[in-house]
Amino acid sequence: MVASMNRRKFLGTAGAGFAAAMFTGAAMPGGFGKAVMAQDGGAEFHGAYPYTDPGAGGHYNTFVTNGILPPPSSIYGEVMWAPLGMYFWADATWLPLVAAGWEFKVGADDTEVAVAVEGEAYAPLNTAPADADHIVVKLREGVNWSDGTPVTAQDCVDTIWCYRIMSNTAWRYIDDAQVVDDTTFICHMSVPSTVVERYVIRSMSPLPSSVYGEFAQKSRDVFGAGMTLDDDEGKQLLDEFNNFRPDGPAPVTGPFAIDPASITNAQMNLEKNANSYWADMVPFDRVVNFNGETDTISAVVLSKDIDYATHGFSVATENQMISDGIRVLRPPTYSGPGMLFNYGKLTEFQDAKARQGLAHAIDRGQNGVIALGQSGVAVQYMAGFADALVPLWLSEEEVAGLNTYELDQDMASAMLQEAGFTMDGDSWKKPDGSDAAYELSFPAEFADWSAAGQDLAEQLTEFGFEIDPRAITYTQQPIDVDQGNFDFAIRGWGNSTNPHPHFSFTQAFFTHNTLAVNNGGTGTQFPLQTTSEAAGDVDLEAMVVASAQGMSMDDQKANVVAMAKTYNELLPAIPLWERFGNNCALEGVRLVAWPADDDPLLKQSFYADNIPAMMWFQGLMEAV
Amino acid sequence: MELQASAEMIQQSAPDQEEEVRRSPVKVILGSFIFRRALRALLTIYLVSTFIFFLVRLLPGDPVQVFINKQMTQYGYSYDDAANQARSLFAIDVDRPLLLQYTDYLSNLLRGDLGTSMVLPGTSVVSIIQSRIWWTIFSVGTSLIIAFVLGSLIGMLMAYKRGSTFDGIASTIGSILNSIPNYLLALLFIIIFGVRLNWFNYTKMRGSVSSGQPVEFSWAFFTDALYHAILPISVYVVTSIGGWMLLMKSSTISTLEEDHVTAARARGVPEWRVLGFYVGRNAILPLFTQLTIAIGFVVGGSLLVEPIFQYQGIGMRLYESINQRDYPVLQGIFLVITISVVVALFVADLLYSRLDPRIRS
């Protein structure tokens, strides 16, 4: 038989077999991935957010990286697994969702919670006792999982314990979470802090015990007994949890649920969950989410196939969007690029006068526009955290006292000369008489930061410094900074995920400074025990740590004010501009309109408490 | 004198032939052309895989640092939050002595184990490669066949009509197409023809298969996969056809000057028959070696084109793995590419040795 098989026969047989297999619909060997979607004419919302499809290792364990659209790190995670509440950044109030309300309590005996009143601003922190050591959460009646069972306190507590396995930062502040009754649970704060509210209410969307309860119990057994991830039991549990792969998506509470059969590497569908408490508030039957980063999504946006995308588009793409009639939303990110100094190397900049002089020499507005068009907005208050948050923490008088470092090159020259710099013709000399020549590094791949670095180098060179701009691959540049291999560097300031200034000050004073030790270096070497005219002798390390501790907002405000003033005076780094979004917001195709530019919703940090979800949960979006 | 010399030569060669007959089979195998080439191929694979192992670790930043930086810069996480996430994700020790990592890598390799992804816990490198490689073979392989067939035909016509307007235009176009980077053409395709002129629906054509199409052996799946592959295939064909055209033209011109072609024409053989059977068949032979080598590179896919079309081939996975510093996946993909290229070269060597026995010595 084999001997009689010639080439022609073999090809004929193979071809016939292949055709027969195709027409009989035989199953294909694994590895091709799988996808199903029915375009049945239902009302669709088109979004874009990157995800890892199952063929590439994506999975349905939403706690573990590469989970498909997990909350809170993807903007569509919330519309599937609704959080206990979402935050209004404009006025520091809450939109309770799965939770009906929560309160901070002293002791665990009082578990009564006054629930939020519809239509009234909700900010439980404002009434928290200064010595509170518990947070009690009351769940909303009528919120069910998509399988029809009610959401219980056990689900919430199990979720929190699962986050313990993943070393969630919340567990630095809490050490226990327990069920009080079916709709009430309580967390004990080992380190009482106002930031616990955001971690518990916003960052840990309840997930069902039917899927994760077993791991929650193991977590209680291991970590509740005092063990840590350094113990074998902890490591084993983490390993087990990291490798846990549910067969499909967990039941959801939100108005949409993943349709697993629809997932390809290019797009996936979220289908309407009719059992959701919020189902009637959302005018769409389906969310089609397109996968991909900016380079591949830009063309889909320009084809008007996407209603909302947050990819950080290039200025050229943004201009094309505008000329094609696609609206651009510019909500803040509460962060942006700044100029860092290597104090260990550049002793001449240890004098704050030199940094202040430099701040006056830089046109931050120009820098922002060149880097990101209208979405690069010059920092005004130079307080170490975003301008929009400053009035929430500082009084009008305190805000007025901040130096806004207007562009004034005469003043800049005077301050630099005061710091020992001298002019030689058109060029600056260092206090030791050598040329004021420096290298400025920035991440090569971040188009906006890269443009900011180039422009900053040109501005300072024109001013008389000799600046050599150096683009370094984005993975290496922060390591170089941490290891002290730089003169000036463009790195980030602020924080997009947490509105408390503590996180921005951590970025300002610790990241690339004391935390540089994680990369085996000394970073900027900015001294944290220092003296400022505004606050006298200060221990910035202790102040940053203290700023997130305790439940007294007054104490925290005093701390934040002192740090803001110190930052404004000492300028450990020079914040250049804040990155606002240039989000694609298509109107009139599938949805009627996005909020007006002056709507408070456009003050949302758009990755942290995203705008579509906030609109859907309030019934604010209208389909065409 | 000449006869005497010949007799001496015969006498000397007789013992050589006897010795050849007495040589053990082992020596015959060891001395064979195929064995030597196979050994060289294995050595190449070993050296390249070793080189790759060390090269990927020279990339700036390790997976943990890349992950932390991405969380901080892209999603605005604090260092603590990002580091906590990284701690839970990466159960790896990137500081383990390099030599130990290398010996582990080699011993696993010998067992056919390419390891597991660093950023996709629990996912084996083999499964990742399996899930991607078929799409690339389909798109790049199809485009190679189309470009080869079309390019050879056009090249042959160019040579046959050398000096004509057609030859001039085709040669210019071939040179231009051969010099355009495929990723640039991919972007131009999308922006000009997809977005501006709306000749095709780029949104629907992204990816490798439509949402809604089960993956199975069926006509519907085949046509759907082809629909999604048309864009990458077109880009590959357009950017590679020029090379085949020019190669075939050059080869055909040489063949046209051969005596047997002149003789055929003198015998009055019809021109179409001369072109097809006397010229074409002979001119295409040298291109088969090139084709064999090109087949070896099919597996490599296209690092830059696949991400542009969101096409889930091996090139896109390689691109992602480089960005994530996923060492095991990088090593695995490079190893597969290396093996396919080395095997293709090996086959090309064998083919060439059949065509030209002189190179066996």
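**Chat about chains A and B**

Q: Quick one to start: is A:Cys584 buried or exposed?
A: A:Cys584 counts as buried, with a relative accessibility of 0%. Buried here means under 20% relative accessible area, exposed means over 50%, and partly exposed is in between (1.4 Å probe, protein chains only).

Q: And what am I looking at, before I go on?
A: This is a predicted model, where local features need pLDDT of at least 70, side-chain atom pairs count only at pLDDT 80 or more, and totals for chains, interfaces and linings use all residues. Residues are numbered from 1 along each chain as its sequence is written, chains are lettered from A and ligands numbered from 1 in the order in which they are written, and side-chain values use heavy atoms, with hydrogens and water left out.

Q: Good. How many disulfides are there over all chains?
A: The count is 0, taking a disulfide as a pair of cysteine sulfur atoms within 2.5 Å.

Q: Why no bond for A:Cys162?
A: The closest cysteine sulfur, in A:Cys156, is 12 Å from the sulfur of A:Cys162, which is too far for a bond. A:Cys162 is also buried, at 0% relative accessibility.

Q: Switching to helices: what about α15 of chain A, how many of its residues are buried?
A: In α15(A), residues 501-509, 8 of the 9 residues are buried, so the helix is largely enclosed by the rest of the structure. Among them are A:Phe503, A:Phe505 and A:Phe509. Helices (H or I, at least four residues) and strands (E, at least two) are DSSP runs, numbered from the N terminus.

Q: Where does A:Asp247 sit?
A: A:Asp247 lies in the loop between α5 (232-242) and β8 (256-258) of chain A. A:Asp247 is exposed, at 81% relative accessible area. Its C-alpha atom is 9.3 Å from that of A:Asn61, although the two are 186 residues apart along the chain.

Q: Now chain B. What is its secondary structure?
A: Chain B has 17 helices and 0 strands. Of its 361 residues, 45% are buried.

Q: How do α12(B) and α13(B) pack?
A: Helix α12 (residues 259-266) and helix α13 (residues 271-283) of chain B pack at about 165 degrees, with axes 10 Å apart. Axes are lines fitted to C-alpha atoms, for helices over the stretch in contact, and angles run from 0 to 180 degrees between N-to-C directions. The pair is therefore roughly antiparallel, a label for angles over 145 degrees.

Q: Which residues meet there?
A: On the α12(B) side, B:His260, B:Val261, B:Ala264 and B:Arg265 meet residues of α13(B) including B:Val274 and B:Tyr278; contact means heavy atoms within 4.5 Å.

Key: Angles under 35 degrees count as roughly parallel, over 145 as roughly antiparallel, 65 to 115 as roughly perpendicular and the rest as oblique.
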